Every structure is written in structure tokens, then in C-alpha cells.
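Dear colleague,

Please find the structure below, together with its sequence. I should be grateful if you would keep it open while reading the notes that follow.

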Amino acid sequence: MLELKGIGKSFPGVKALDDITLTFKPGEVHALMGENGAGKSTLMKIITGVYKPDEGQVYLDGSEMHFKNYRDAVDHEISMVSQEIQVISEATVAENIVLDRLDRFGRYGVVNWKKVNETAAQYLGMVGLKLDPTQKIGGLTAAQKQLIQIAKALSCNAKYILLDEPTSSLTGYETKTLLEIVRKLKRDQVGVIFISHKIEEVLEVCDKVSVLRDGKFVGTRDCGNSERSDIVRMMIGRKEDMAHKGFLTVGEEKVLEAKDITVYGQFDHVNMDLRKGEILGLSGLVGSGRTEFVRLLIGIDKMDEGEVYVNGKRAQIHSLQDALDKYRIGYVTENRKEEGLILDNTVGFNLTIGIWKRLASKIHRIQTKEEQRLVGDMIRKMEVKTPDEKTKVSSLSGGNQQKISIGKWLAAQCDILIIDEPTVGVDIGAKEYIHNLIWDLADKEHKSIILISSDMPELISLSRRILVFNDQKIVGEINNLNERELSYAEVSEKIGEYLA
Amino acid sequence: MKEKSVQETGAKKSGKWKAVFARSEVTVLLAVVVLSICFAAMSDGFFTAYNLFNISRTASIYVFIALAQGIVCVVGGMNVSLGSMGGLIVVFIGYAMQNLGVGIFPAILIGLGTGVAAGFLNGMIITKLKLNAFVVTLATSFIFAGLVSGISRGYSYTEIADNFDFVGRSGLFGIPMLLIIALITIAFLIYMFRYTTLGRRLLATGGNQEAARMSGINSERMIVTANIMSGLFTAIAALLWVSKAGSAQPSTGSDWMIISFAVTAIGGTALAGGVFNGLGMLFAAFLLVMVKNGLVAINANVYYEETYLGLILLFAVSLESIKAIINAHNRKNRLKKQQLEK
Amino acid sequence: MKKSLLAICLATVMTGACLAGCGSPVTTAPSGASAEEPKTEADKNVDTSTAPEGESEPAKDGASDIKMAWYGFSGYPYHEEVYKGVEAFAKDSGIEVLKYMGSDVAQSAQNEEVEALVAQGVNALSIYPADAAGANSLYEEITAHGVNVVNFGCATNTPTTASFTVGTDVKQAAMDAAEELIKMMGEKGNILNVLEVLEDPNTAIRKAGVEEVVAKYPDVKIVQEVGGIKSQEEAVQKIETALSSNAGNIDGIVCTGNTASIGMALTLPDYYQQMGTDKHIYCIGIDTDETVVKAINDGTVDATVAQNPYAHGYISCALLQKLGEGKNVSDYTFVDTGVVLVTKENSADFSGDLDAKTKEIMSNLDSYFD
């Protein structure tokens, strides 16, 4: 048994954890939930020896533990799989799995690679991956990388594995595989501590769920007899609303039209159109071509053949700069940390990055007063929780970072907005806000939006029309959701059919 | 509640001062002040008009050498060729004046043109062939160095126009022209990075090249621009050096690369990109020149001179960390007190 | 697409330019028969008719077995001057001399390049050693293969398998410079001694030479020493500082290295411009860089000690020719080519004095052998 008794931890000005008492058992999947900032990550770091608690103790099988660092925790058979995928792309699968213990495979500094690969293959089998251990990791999917991280944790003989939002970057199908592995771990008498924002999967796979709120313990429930709304209420104290959002007035004119888009070896004459004020959903597994397709339209990647029309006129888009400056098309990327934001710069800098030119006077001086006013408005409008506009973006939470990532395109007054995975790694409060924002942009400001999402409820409740991508082709179109002829279940059923 | 707000305004006032002291260039400035007091106390010759004139002239040239490095560091690159680039520019200027007999202004244009062209070349190779800035500039540094010795054979060019030393040797109200030029350039660059689209885009490119591209910035063009500016600043440094020295030496620039990295890094411009600290560079240039100057002024043992130089620089740059450690200590104590009061 | 094409073109052009600029490092000094007669200063100075007559005859025999090479470093005027001597020798004797110029003064690079030359059949080598100690192991290897080695410019540490060093006596040159400076100063006053790279053992020898001379004069004192000078920028910075920190207290400057001398020549005009010309500082340097000679003509520097690089080239090759013809030498010998003091009076024609020294040594060349 892994027990936490009266754990408390303070950071300058904040009490991050306050009197947390929890028990984790082997062979049990125990979910840890709470909004961003509730204290889950801090608690994880205390369990794995990264932080030392100010108050309280950690007991492992009855004896008190004082882990010196993460390595020490690993030596006591506690492993962590972090949310950000941490693999070395240039190394092989096997190397990634045993990397920190390479010295144990062989003598006199000579590594016995055969043994390494065999060991790796064994653990790959345990997580259901049929991969060649000598393959480089670079080309694998996010899900495969995530599973490799789990294999790595298993290979340390971990009795307790902490999974920090393991499914946040996975598609529905991939998530299913991962959850299956979690069940298998449970059968093998491993104690799994499962951090997630997705209530459905928690209810599906976990035995118990414990909720934290503002650093305090709220309660533990058995998953068997809990409802989704119970847990949400525990987490936020308000009711979740993911219901029908009403009707959209979609114009007739096509604001964006793609004709015969071709990339040799990938896309073969793919067509698509977007209407004024519409929210068009793009569905499909990661790698199905949905993100790759929109990147072609806005000039990030180059197409070999095909034409793009904006407002009925042939558009020449050679770079994102063209898309933004000439046609007011914005793109909220799925990787806000790598591609969306300049993390080491300020909130204000990131919000106005697309409009400096417009803010510049005749002598090319950026009008800072005007800029500050705009940034202030945007922070207020988007409800970004930041001390001021000079705060570095890296110090904000995921949800607030995402608001800035979207906000910069709103500041740029884009007419067409392409939003890729807007709510990955975002807490429930921010998620709901972002959903309402996307809706209002289409409904009130008549912006045309392409929404790419792996989150089914999100995609179905927001989109008026859904295109399903599979294998670089559009395999299906689900129309007229405006009148809601189809229920949520029917739509998701249909998408599932197209994907199969 | 009222009490709290009073406390807060008090904290704000002291916070303003703290914010000033928290800036990294202030630490460098502090080191400059402390060291100059030390050197002045130890040597009569240190605090003389002639010496200060010399220090500020050399520091001004260092500023340009550092800017040439700093501007590419801003976009996340580097320029290890700037030393031999400087040598090449000097040789071209000398060759033009001595062998082709051109006047002052054409020679200046040739110098600036060479710098711009060399920077453009670096930038184009880096972006178009998608190569690492270090590798490219290392390779071009050999190209430039070869051209320097090939063209000059190591001979100096002494037939430099008489008025060419005007900028390098004269002053305005006792302030060297070189320093004035350096100050104007730094002021302009601070303005550029704060208030112009170009400056902001350079910073964004260095902060995260991919994110900049995804925000509609032509980050490749920014890298080329930064390299051109790097060549331009190298050319200015070379011109100023010729102007001060009164002749064109092909060996010019042999120690520029180290100086450029030292001044840039000490001055708080991150070598990883995304940050520009103009004032920091200015003070760092003064720091480096002053330490070298002071060691000669106090007649330090020539054999151990470099050791002293290293020790003093190490001390100066660790002030920043010492400050951070003290701050952390104070904060801990304050929190402890607060907790005890509760 | 256009842009990438442009980039490739640029790269090609640059590579081409680079190759053209550097040229192949190995070229051949024109031998007498095929020489295109580049009438340089040096050529005029040595009258071809005075080239030892007796030697050009047997050279015809020896020429067939001697394959001579000269190894210098590119980018240094000194080496260019030495090569002029080598060219003149090739012309006078009819022996082809392979020219190699290293770009990096590093023993490891020199080893590789010399080994390549030997592999091509070179059996007589006139060379500037990259490292006075390190070069010896290279010499041991190649002399075992029957290659005769003569150093020019810089001696290797003894024992060495090089047969000769043709060069300037470093200590004597430094002493001459110091002696001359003190004479100009009226045998009293304060001296600034400027040293170059401190890792170079020659620097210590020069320092000792200057100090030895100063010790003879009770009224002369070295008030400051600056050193660790690798570049002219550093030289200027350090001399400037030494001048200002000893404000008005320095009566003479002695520089015993080329870089330092250039630095001094660059600093003084500026110094006089800032501080006025009321007090003259007596200055002496070494070598005849354009900058130094110009400063002498302008009156800011008083004198410089000129070495005899032409002789370093000419004589080292002549010695190799003798060795190739079967002359023996039992001991390693240092051939001092002498120095000449250059002042405003003789700055235009000092080379004549040097040539006289060259001729003197050439006429006694046989005395260096057993």
C-alpha cells in the first residue's frame, strides 16, 4: 500500500497542498482529478520524490519513506509517466526503454545490445506494441510514444505507476488501446494512479476517483456508482454544460474553397469548402491527414497541385504570412508550446504578434498605447488569468496559454479561423470558456471556423457539419447538424463507421 | 483591508527600486563602478582624461563587435566568422585606398558593402540550405581568412587618407566620437527592438522560430536580416578600428570572436535567442575593457595577467547569481516570519 | 525555387572564389631557365653576377638528385620576404624549389604537410619550425629517410637533427635594440618594455636581453612591462594604458616583437594627437612592417631593428645545396644573418646593408662545413 498522511506543501505565497490523506493499493486504478492548479502535479511530485513535503509523511507498505529524488523513488518501484512525451527521438525504441539502466546490460562498459533488445521487446509486448525494438522513435505516433513511456516505467519493475494525463494527446482509438493496457496493469497487480481531465475515461477504467480542489482533498468515490455530473460538481462546484448550443445562421457564400488539392504520395485531388459563419468540424485519427490538409491550404506546407479560393477569388498563399496579411486567415496550432507561443516572452508580445505591422505608425513605430489598450481588452475579453501583460507566458496555466494562442488571432481580426485541438491539456473551466468562445465567434461575429478535434463531444456539439478524414482522404461528410436531426450518439456512430 | 492597501503601496515603491536592481545590466553597471573605484585607488594613471578617453574608445569598438554577435544571437543563431569578416573588410578598405586610390567615402561604402554582402551570404546559406549557423559561419570564416591572407599576404596598408582618423581620434566636448556613435546605435537598437515590427519579429524568431513562423512571420527573412545586420556592425567596427589605428592591418579581428561572445553574454543577451539587452552590452564592453586596462594600470604581473582577468570577470558575472541567492534567502526568511506570526 | 537556385549559385561562386584566392599551397619557385623575371626589389638587390660562380657549375650535377622544398607560413610578410630569397636562389642556381605555405602555425598540421612533401620525393627542406621543441621529432623521422633539414627564422631546441638554423640571434637583436634606445635617451630615464606572446620561449630570451642591457646603466629603469600580446588590437590597448597610467613618466619604449612594434606604431600618432608633442618618447621596434617604417618616416617611432629575411631564404637553400652535393657537417650550427638598425636616415635604403651581410656569409659558405 502507498499511503499519504496529512501532506502539506507551500510555495511562496501559495499553499499548494493542504492536509492530503490518500491511500493507493496494488491492483487498483485510482484516478486523481481536479482542475488545473488543484494540486495534482505537486502531489505527484511529492510521491515521486521530486519535491519534499512541508508536512505529513509518505508510507510504502507501512514504512515511512523519504525519497531523495526521482531516482530514489524509481528504486522503490514507483514510476511516473509524464504528460509531455519525453523520449529521445534519435534513439531506438529499446534504448529509450532502458536508457537510464544501460550500464546494467553488459560488462566493462560494453553494452549487450541483444539483451537490451530482448528486454525491450518483452516490455513492448506488455503494453501491446508490436514494434521492432531497434526502430528509431522519431517516426512513431504520439500514442506509441506514450505507450513506450509506460513500457519504460514497467521495465523498472514499478509496483506503482503514475500516469499524468496519458490520453491528452491521443485520438479516440489510441485512447482505447491505452485504457486496455491500464486494465492489464491492474490484472498484473500494479497500482495505477491515473490523472486525467476526461471524466468518461476515468469512469470507464478506474476503480476509485479522488478529487482535489485548490490544494484540498474533496473526496473519494467508487467509480462503479458515480455519475459524471457528481465528479464534475466535486471538481468545480458548478454544473457542466455541454448541451445543444442553439442554431447558427450559416451564409450561402463560400469563404474558403479548396479544389483538387494534391500532394504526390499523400493527397489526391481533395476538395473542401467553408461557408460564412459556419463551424466545420474535421474528424479523424492523428495522422489521417486532417491537420496536414489545412496546413496546405494556408501555405505552411506546400501543395503540388490544386487551387484555393477565398471569397470566390483565386488566392495566392505561399506562407502563413500571406494567409494572415492578404486573406485574414488564422491558424491556432495544436502544439501551442512548440508552434503556438513564444513561451519566454510576455503575454502582450504574444497577443499582438500578428498585428505589429497594423499597429505601426507612418514612421514604423508601434503605437504602444494602442497596443496596451488592445492587449488589456483581449485579456479581459478572454478572461486570461494573468497578473499583467508583462508576465511571461510560460508561467501561465495550460488553459490560459491556450486562450492567448487563440486570442492573438482574434486580435488580428481574422475572418477565417482554423482551430486545431483547442482544448488539449486544458482544465474544465477553460475548456468550457473556449467552447463558448468558438460558438460566439461563429454565431455573433459571423466568423467562419474550421475546428479540428479528437474530442468527440466537443466536435459534435460545436460543428454544424463534419468531414471525416481517413488515410489522407475525406471519407465522409455528416451534414445539417443545425436542426439536430441526428443525436449525439448517432453522429458518433456514423463517424466511427467512416473511420473503420 | 485599509492597512493592507497601505502596505501594498509601500511595497510598490520599494518594488520599483527592486525592479531596477533586478535588471541584469544594473549588476554589470555596478561591477563597472566598483572596479573603477578599486583601480582608481590603486593607480594614479587610471582616472585620467586620456585613459578614460581610451577606455571609452576601445569599449565603443567592442560594442560594435558585440552587436554583430548579439544581433544574430537574438534570432537564435551565431556568427563565428565575424573576426575574419572584420579582417576581410579591413583589407578591402586598405586595398581600395592604397592600391586603387579611392577617397574616404567610397572606401567607407566598400567597407559597409563588404560587411553586408558577407552577412547576406551567411544568412542565405543558413536559411536556404537549412544548415546550422555555427557550421556555416565556421566554414565562411575560413573562406574570409583565406581571402585576407591571399589578398594582403599579411602586409599592412599604410596609405590611408589623412582625414580618415577624424572619427577614431577626435572627440566632442571631451567625449570620443566613437562613444557617441556607439551610444546612438544602441539607443536606436533599443528603440528598434521595443517599438518596431522588425525588432519584434527578430525577437519572436529567436524566441521560438516555429511559433514565429506559425504566427505569420517570415522567420527565414528575419535570420537573413539579422546576419546582414551582423555584417554591417562588423563593418562599422572594422571602419572604426582603421580610423583609430590610422592604418589597415590584415591581422585585425583575430580576437573579435571571443570578445563578441564575452560581451554579449555578460551583457545579458541570451545566446539562445529571443532577448536583446543593449545597455547590458554597453556596460559589459566597458567592464571587459576596464578590467584589461586596470590590470595594466596597476602593473599586475604580466605572466599571471590572464588569470586575474578571468577571476575578475568571473566575480563580475557571478554578482547576478549572488544577488539571486541573497534574494531567495531573504524571501525564505520573510515567509518564515509570516508563518510564525500566524 | 529561384531563391534556392540563387543560393546554390552563391555557394558555388564563393567556393570558386575561395579556391582562386587561396590557390594551391604548393607552387614552384621559377628556376633560372624558365623564370619570367619578376623584377622585385629583392631581385635588384642581389646582383646575379655576384652569385657565387663556382657553385652554379657543380649545381648542374647535383640538381638531378636534389629535390628541394621550402616550408613557410602564409599571411606573414616575414615569410613573403624570406621567399623572395628562395626565388632568387632558385634563379641563380637553377634548382627548382617547391614552395609550401602552411596556413596554421601548428606542429600537427606541419607534420602532416611535411610528410606529404617527403612522400613526393623531397630530400632537402628549408623550414620554419611551427614549434621549437615539437618539430624535432618530425626532423628525426625525415632525416632518417635521408632528408637534409635547415631551419630558417627560428631555431629548434638542441639536440636536433637539423643541420643548420639560418636566422637572427634573438637575444642579440633585443640587446641591440635596448642599447640603441638607451643611447637615444641619453643613458637615463624610464623604459616601457613591451613583450609579445609569453608562451613563446623567444619572448623570455628577449626579455632577458633587454634586462641585461638595462642593468648596465644605473640611471635607466624599466618602469613597466606589458605582455601577453597576441593581436595588434591588444598591443594598442596595452601600450595606450601603460602610457596613460605612467602619465608623462615614460621616456622610452622598446618592442621586441613584430606585433608589438606595429601596436606601438599605431598608438603613438594617436597619443601625440591627444597629449601634444611637447615630450618626445623614444621608441624602438623590431622588423620592418610598413606601419613601422611609415611611423619612422613620420618621426613618431625612432628606429627599428631590421632582420634579414632575404638571407634566411637564400642561405638556407644554398646550405641545402651544399649538403646535397655531399658536403658534411658534424655539428648543428647557427648561422646568424645579422641585423641592421633602421632610422629615418636609412629607412629607404637599409636593404643594401643587409645585402652586404648576405654576400659576406655566402662568400664564406664553405667554412660552415667540415
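What percentage of the 370 residues in chain C do buried residues make up? The share is 48%. Please bear in mind throughout that this is a predicted model.

Chain C is a convenient place to begin. Its secondary structure consists of 13 helices and 13 strands. If one takes the contacts in chain C with a separation of 6 or more, 78% of them are between residues 24 or more positions apart. Chain C also contains a cis peptide bond, which joins T158(C) and P159(C) and has an omega of about -5°. To find this bond, look in the loop between strand 5 (148-152) and strand 6 (164-167) of chain C, where P159(C) has its place. For background, most peptide bonds are trans, and most residues other than glycine have a negative phi.

Chain A offers two exceptions of the phi kind. D61(A) is not a glycine, yet its phi is positive, at about 50°. This residue is found in the loop that runs between strand 4 (55-60) and strand 5 (63-65) of chain A. Is D61(A) buried or exposed? D61(A) counts as exposed because it has 11 C-beta neighbours inside 10 Å, and the cut-off for this class is 12 or fewer.

The second case is N311(A), which likewise is not a glycine and has a positive phi of about 50°. Its place is in the loop between strand 16 (305-310) and strand 17 (313-315) of chain A. N311(A) has 14 C-beta neighbours inside 10 Å and therefore counts as partly exposed.

On a broader scale, chain A is divided into two parts: domain 1 covers 2-236, and domain 2 covers 254-499. How far apart do the C-alpha centres of domain 1 and domain 2 of chain A lie? The distance between these centres is 32 Å.

Finally, I turn to the place where chains A and B meet. Here 26 residues of chain A are in contact with 19 residues of chain B. On the side of chain B that touches chain A, at least two residues each are supplied by helix 9 (197-207), helix 10 (209-213) and helix 14 (305-341) of chain B. Sorted by character, the residues on this side of chain B comprise 8 polar, 7 nonpolar and 4 charged.

With kind regards

Methods: Residues are numbered from 1 along each chain as its sequence is written. Chains are lettered from A and ligands numbered from 1 in the order in which they are written. This is a predicted model: local features need pLDDT of at least 70, side-chain atom pairs count only at pLDDT 80 or more; totals for chains, interfaces and linings use all residues. Two residues are in contact if their C-beta atoms, placed from the backbone, lie within 7 Å. Helices (H or I, at least four residues) and strands (E, at least two) are DSSP runs, numbered from the N terminus. Ala, Val, Leu, Ile, Met, Phe, Trp, Tyr, Cys and Pro count as nonpolar, Asp, Glu, Lys and Arg as charged, and the others, Gly among them, as polar. A residue is buried if 20 or more other C-beta atoms lie within 10 Å of its own, exposed if 12 or fewer, and partly exposed in between; C-beta atoms are placed from the backbone. Domain bounds come from an automatic or database domain assignment.
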